[in-house]
Amino acid sequence: MLRLSAKPGVAALLVVVGAFFFCEYLIYFPAIFQCAWPKLGRARDGEGTGGADSAVRAMVLSDTHLLGAVGGHWFDKLRREWQMERAFQTALWLLQPEVVFILGDIFDEGKWSSQKHWEDDVRRFHRMFRHSPDTELVVLVGNHDIGFHYEMDWFKLQRFEKVFNASSTRMVTKRGVNFLLVNSVAMHGDGCPICQSVEKELIRLSRDLNCSLQKSQSNSERAENCEGSRSYPPTAPVMLQHYPLYRVSDASCSGPDAAPPEERHLLFREKYDVLSKEASQRLLRWFRPRLILSGHTHSGCEFLHNKKYPEISVPSFSWRNRNNPSFILASVSPSSYSLSKCFLPEESTVIGVYCSAGASLLLLLLLAHCLWMKGLLQLSLCLLGKHKSL
């Protein structure tokens with residue numbers, strides 16, 4: 001009977017190991033395995049359809065918020081960073097994107113972290129979001145990376161740009177598709193030195209892109225006021241930035257990853273929650289983007305600007321900011337695009353599995369204890385009987 005009491009103990013060990021392995025490794029595979037690259041539909045101008053082979057496959061996520069040394073508890077860091085690392089690595093393995101865009105707020109405390117803490121945060125980021133040479137990682141700047149407009153300075157901006165070896169405002173072109181990256185933290189329009197530098201670069205990019213479109217339409221190498229301009233593929237860009245363009249609130253947003261109902265009607269503050277009206281209209285006028293992708297709010301939303309410019313707000317990728325993180329899968333060709341959303345496992349599901357495993361463990365330990373006590377009692381009675389017979 002003492003041997004029988006060991007069986008619940010073995011079962012308890014299996015429950016603990018099984019729950020841990022499922023919640024920390026396996027759970028990401030069935031969730032992300034359900035996701036697939038969207039197929040391209042007919043282009044806006046009606047000229048043909050994009051094939052899967054010609055489309056750029058872009059994975060878009062936002063607001064990872066790696067915790068820093070000041071406000072980040074060690075267990076919070078361990079838990080949330082492990083979740084993002086396993087989700088990202090599983091997505092890379094299953095989906096094999098050509099390019100990954102992270103729409104800012106990479107770090108939570110970049111706006112005030114010391115050089116030592118900054119280097120530690122960067123080291124952890126590169127470990128979590130490691131990738132093969134076949135996948136390009138493109139990172140945008142957010143307010144938590146360099147501070148809000150009143151906190152940012154050249155040191156913080158250049159420190160960020162040095163780590164990711166690229167300017168915070170630039171055009172990334174892949175197989176005829178233009179991806180415009182905007183440093184939206186510097187779009188206040190108040191004449192600050194960084195703002196002036198960013199707007200100057202955006203005006204140059206707008207001129208170059210518009211000249212490329214003019215040359216394409218006129219079938220000529222010459223276009224008016226385009227001397228010395230850089231050539232880009234003659235197609236409207238996909239614009240990516242951290243701050244959303246101006247909208248009053250999230251009242252029109254819906255879906256499982258939208259803001260909670262009690263928060264959707266809260267009015268957004270210009271230059272804090274969203275870009276100002278003026279900055280938003282300038283960007284739309286300069287680039288006439290066919291799609292805008294933004295982050296910052298930690299919630300999902302689809303919004304149409306000026307009745308023709310669609311914007312998708314991408315939710316946070318971290319359990320720290322929401323129970324059901326997600327990311328966007330985008331298939332983009334020069335003339336068309338298609339999007340789908342991929343949801344990660346919910347944190348509440350993982351907590352539920354651990355709670356169930358804990359309850360099962362307690363029952364098995366109780367059963368093992370009862371069997372052990374029963375066996376001990378039987379052994380005692382047997383020994384007592386033998387003693388009396390003597």
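Select Lys341 to begin: in this predicted model its relative accessibility is 32%, and Lys341 therefore counts as partly exposed. Keep Lys341 displayed and add Asp257, since the side chains of these two residues meet in a salt bridge, with N to O at 2.6 Å. Asp257 lies in the loop between strand E6 (238-241) and helix H8 (277-287), while Lys341 belongs to strand E11 (residues 337-343), so the pair ties together parts that are 84 residues apart in sequence. Is Asp257 buried or exposed? At 3% relative accessibility, Asp257 counts as buried, whereas its partner Lys341 is partly exposed.

With both residues of that pair still shown, add Ser326, which is placed in strand E10 (residues 326-332). Ser326 is buried, its relative accessible area being 0%. Leaving aside neighbours within four places in sequence, the contacts of Ser326 include both Asp257 and Lys341, and the remainder of the list to select consists of Pro315, Ser316, Phe317, Cys342, Phe343 and Leu344.

Next, move to strand E6 and colour its side chains by direction. Which residues of E6 point one way, and which the other? Val238 and Leu240 point one way, Met239 and Gln241 point the other way, and all are buried. Now bring in the strands that pair with E6. Strand E5 (residues 177-182) pairs with E6 in the parallel sense, over four bridges, and within this pairing Val182 has Gln241 of E6 as its bridge partner. Strand E7 (residues 291-294) also runs parallel to E6, the two being joined by three bridges, and here Met239 stands opposite Ile292 of E7. If you trace the backbone onward, the chain crosses from E6 through H8 to E7, and this β-α-β crossover is right-handed.

Helix H8 is the next selection. Its buried residues are Ala279, Ser280, Arg282, Leu283, Leu284, Trp286 and Phe287. What do these buried residues pack against? Their packing partners are E5, H7, E6 and E7, together with strand E8 (301-305) and strand E9 (309-313). Before leaving this region, look at the backbone of Arg288, which comes just after H8 and takes a positive phi of about 45 degrees.

From H8, go to one of its packing partners, helix H7, and select Arg204 and Glu201. Arg204 forms a salt bridge with Glu201, and the closest N and O atoms are 2.6 Å apart. Both residues lie in H7 (residues 193-218), three residues apart, which is about one turn of the helix. Arg204 has a relative accessible area of 33% and is partly exposed, and Glu201, with a relative accessible area of 24%, is partly exposed as well.

A further pair can be found in helix H4 (residues 115-128), where Asp120 and Arg123 lie three residues apart, about one turn of the helix. Their side chains meet in a salt bridge, with an N to O separation of 2.4 Å. Asp120 counts as partly exposed at 28% relative accessibility, and Arg123 is partly exposed with a relative accessible area of 48%. Extend the selection to Glu81, Asp121 and Arg124, since these three are linked with Asp120 and Arg123 in a network of salt bridges. A search of the whole structure finds 19 salt bridges.

For the last stop, switch to a surface view and select Phe20, Phe21, Phe22, Tyr25, Leu26, Phe29, Trp93 and Tyr354, which make a nonpolar surface patch of about 780 Å². Which helix gives the most to the nonpolar patch? Helix H1 (residues 6-26) does, with five residues. Phe22 is placed in H1 and is partly exposed, its relative accessible area being 33%. Not counting residues up to four places away in sequence, Phe22 touches Ile27 and Val353. Draw a distance between Phe22 and Val350 as well: the two are 328 residues apart in sequence, yet 9.0 Å apart in space, C-alpha to C-alpha. Finish on Tyr354, another member of the patch, which has its place in helix H9 (residues 347-389) and counts as partly exposed at 31% relative accessibility.

Definitions and conventions: Residues numbered from 1 in each chain as written. Predicted model: local features only at pLDDT ≥ 70, side-chain atom pairs only at ≥ 80, totals over all residues. Heavy atoms only, no water. Patch = residues over 30% accessible without salt bridge, like charges linked within 9 Å, V, L, I, M, F, W, Y side chains within 5 Å. Areas by Shrake-Rupley, 256 points an atom, 1.4 Å probe, with all protein chains shown as cover. Salt bridge = Lys/Arg side-chain N within 4 Å of Asp/Glu carboxyl O. Buried < 20%, exposed > 50% of the residue type's maximum accessible area, 1.4 Å probe, protein only. Contact = heavy atoms within 4.5 Å. Pairing = 2+ DSSP bridges. Right-handed = clockwise from strand over helix to strand, strands pointing away.
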